[in-house]
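Biologist: I am new to this structure and would like a close look at a single part, with its surroundings explained step by step. Which strand would repay that attention, and what lies around it?

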Amino acid sequence: MRAEVGRVNILVVDDRSEQLLSLEAVLAPLGENIVKAASGREALRCLLQQEFAVILLDINMPEIDGFETATLVRQRRSTRHTPIIFLTAHTDRLYVERSYSLGAVDYIMTPFAPEVLRTKVSVFVDLFKKTQQIRLQAESLRAHAEQLQRLNRAALTINSALSLDAMVAAITDAARDVACAHQAMTLVKLERPGERPRTAVSLSERYATFQQEAPPPVAGRLCAFVCGRNRPLRMTQRELAQHPEWLDEGAGASPPRGYLAVPLTAADGQNMGCIELSDRRDGEFADDDETVLVQLAQLASIAIQNCVHAEAREANRLKDEFLATLSHELRSPLNAILGWTHLLRSEPFDEQRVSHGLEVIERNVAAQTKLIEDLLDVSRVATGKLRINAAPMSLASVVEVAIDAIRPAAEAKQLTIDVSLDPAIEVNGDADRLQQVVSNLTSNALKFTRPGDHVLVSLRRAGAYAELAVRDTGEGIAPDFLPFVFERFRQADSTSRRAHAGLGIGLSLVRHIVEAHGGSVVAESPGLQKGSTFVVRLPLLGIGRSSLAGPSREARSRAHAASAHASSDLGGLHVLLVEDDADARELLQEVLSQHRAEVTAVASAREALAAFLAARPHVLVSDIAMPGEDGYELIRMIRQRPPHAGGDLPALALTAYARKEDQKRALDAGFHMHATKPIEPAALVAAVASLAAQARAGELSRARDRGSSDEINP
């Protein structure tokens, strides 16, 4: 516990300089801080700035004498009980009585014996130190109790994680919270074939502008050292400064305030990784921090092993179920093929019957071929060999081809497929693979939708993304299964009584194909019997990831120029831009102005609110982290106004806060879109144009009523 008390202060008050020097010499052997004051007024100023163990006070002083000074000292709550020893040459009994009536602890007449004065002062110094030590111990115990409470909360959070990645993230956040650090990183490395290391980084708001994937500056060399020796390591800022070679590249000239790391250890003693902390918020890391972090590492190690074992058991169960389902799904069409083949060979059928038999054989061959192709695709995904041959393409035409191919199956089930497509949307993608995505999602919707109902397939522009949605009014998805809907071999009903066939790999393939295109896919459902919606988001042409194969940026820009012209023209729009960084503000203003927008650029939320009240803008583009009021407070103030007074202003949060929870916080605060820095100019212009267009169409208010909004990633 941090309960050490250093040197304490002793206040000596006398208007005679020679007496102050004499008292300082007498008290110097005590080894404490001697503070001298030449008047009562100066003494009171010292008491406002520092805390004293004892006051040696002369009585006869000009302006404010010792008695008046003592009276004022006793009137202040913080000094009411500070010991006062009067030093004077007066022997009058009235002086003595008045001194004690003012709360003096002693009255010493000069000349005095130095040993006597030192002894009396040392008594009060020791008493003050013991009082301070007790207070520090109480504060340390209270802080340790708070750490243990955080540790208990962390245990619940860690053990409730649904996956190993979520668990590692929870461990990292808990470690930073428990030890009050600015930076934390967790590394988990499991000795299993094909198992990738898991890492997570947690940064305080002080470092929120950094990428979450970037490790703290002290990570790597020391992490490997801790894992190698499998024991805790604690270092001060001074020790880190003396060994700059321990810091990773890019750590900067100033090392963080302290470093603390503890290993994650398996039941057999083998190292599984470590938890690292750096840059403590208040002082250096101490014994209490190390103790509680070791406890957290112990429970985290157990939780990780339990999660790994549970995942292994679940994987084995899913594998067994999958093999049983695979056997059934492959044998069923084989039975129809084999049966009709024998019938056609052995029985004389008329032409109509023969045609029907061949149709059944063809349908089952196609079904079995599809199963085999899906299995091969799963194998390619598992081995990292799924290829994407990307090229500029019209996404609407791909969707139409997929829908046309599946429409006969829908009509056979008496289902209607309603299609709403934006023909101008272009992406950089693999037409065959994206057709597979549309086919899998639509087939899934047909499978779980009742005869006579509708399936809606829509394609629209959503900021910098193309958004493909497949909605049905069928059986819906149970809330407990929704997080696993895209996992390989997962099925909501894998029993022999299930109503729908399939291997449980179609949606898994959808996710892998979409992510290979730099996009994302999510599933939404209000619950069972309430239908479901699958939404695919793909980067628009010219905004997608450069890792995809395809033409150069210049070629894509030329191909996309015609369709992008309309959305890049911001003529007639008044944009209110809020950015506290001058360089960033100038760049954003220039980008918007080049596309004919009228831009009012300000540096703070207060200026933004004044500009908003002075001239109503059409769109707000605001940073989040700003001195004083931040972007969250700005949008809340605007949203408090009625719609006719601008309360429904279309708003884009443009920020370096890039986590999912940051996006959710921005949307919950009142923004319609969330974009992360750095953002490409085309994406910014497209987002502003999209917000303005949606506002004119009244779509933003409806989107907020549905609780949905857009996110833009650079």
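**A strand and its surroundings**

Modeller: Strand β16, covering residues 520–524, is joined to β17 by 5 bridges, and the two run antiparallel. Strands and helices here are DSSP runs numbered from the N terminus, of type E and at least two residues for a strand, H or I and at least four for a helix, and two strands pair if DSSP finds at least two bridges between them. What you see is a predicted model, so local features need pLDDT of at least 70 and side-chain atom pairs count only at pLDDT 80 or more, while totals for chains, interfaces and linings use all residues. Residues are numbered from 1 along each chain as its sequence is written, and side-chain values use heavy atoms, with hydrogens and water left out.

Two positions show how β16 is matched to β17: E524 has T533 as its bridge partner, and A523 has F534. Strand β15, residues 465–472, is also joined to β17, through 8 bridges and again in the antiparallel sense. There the bridge partner of V470 is F534, so F534 is a meeting point for V470 of β15 and A523 of β16.

These strands belong to an open sheet of 5 strands with mixed pairing, in the order β12-β14-β15-β17-β16, which places β17 between β15 and β16. The edges are taken by β12 (416–421) and β16, and because each has a single partner strand, one side of each is left without a neighbour in the sheet. From one strand to the next the twist averages 15 degrees, where axes are lines fitted to C-alpha atoms, for helices over the stretch in contact, and angles between N-to-C directions run from 0 to 180 degrees.

How many of the 8 residues of β17, residues 532–539, are buried? The count is 8 of the 8, so β17 is largely enclosed by the rest of the structure; buried means under 20% relative accessible area, exposed over 50% and partly exposed in between, with a 1.4 Å probe and protein chains only. In a regular strand the side chains alternate between the two faces of the sheet. In β17, S532, F534, V536 and L538 point one way, T533, V535, R537 and P539 point the other way, and all are buried. R537 also has a ring beneath its charged end, which sits over Y465 at 5.0 Å from the ring centre; the rule for such a case is that NZ of Lys or CZ of Arg is within 6 Å of the ring centre and within 35 degrees of the ring normal.

Two β17 residues from the first of those groups, F534 and V536, lead into the interior. The largest nonpolar core has 40 residues, and those with the most contacts inside it are L395, L441, V457, V485, F534 and V536; such a core is a set of buried Ala, Val, Leu, Ile, Met, Phe, Trp, Tyr and Cys residues joined through side-chain atoms within 4.5 Å. Two or more residues are given to this core by each of α11 (395–412), α12 (431–447), β14 (454–462), β15, α13 (506–516), β16 and β17. The largest share, 8 residues, comes from α11.

V485 shows how such pieces are brought together. Leaving aside its neighbours within four places in sequence, V485 is in contact, meaning heavy atoms within 4.5 Å, with I477, L507, A523 and F534. Apart from this core lies another, of 35 residues, with M167, V168, A174 and L260 among them. Of the partners of V485 just named, A523 and F534 are themselves bridge partners, while L507 is one of the buried residues of α13, together with S508, L509, V510, I513 and V514. Just after α13, G518 takes a positive phi of about 80 degrees.

For comparison, there is another open sheet of 5 strands, in the order β2-β1-β3-β4-β5, and its pairing is parallel. Its edges are β2 (33–37) and β5 (106–109), each with a single partner strand, so one side of each is left without a neighbour in the sheet. Neighbouring strands of that sheet are turned by 20 degrees against each other on average, direction ignored. At one edge, β4 (residues 84–88) and β5 pair in the parallel sense over 4 bridges, and the bridge partner of I85 in β5 is D106.
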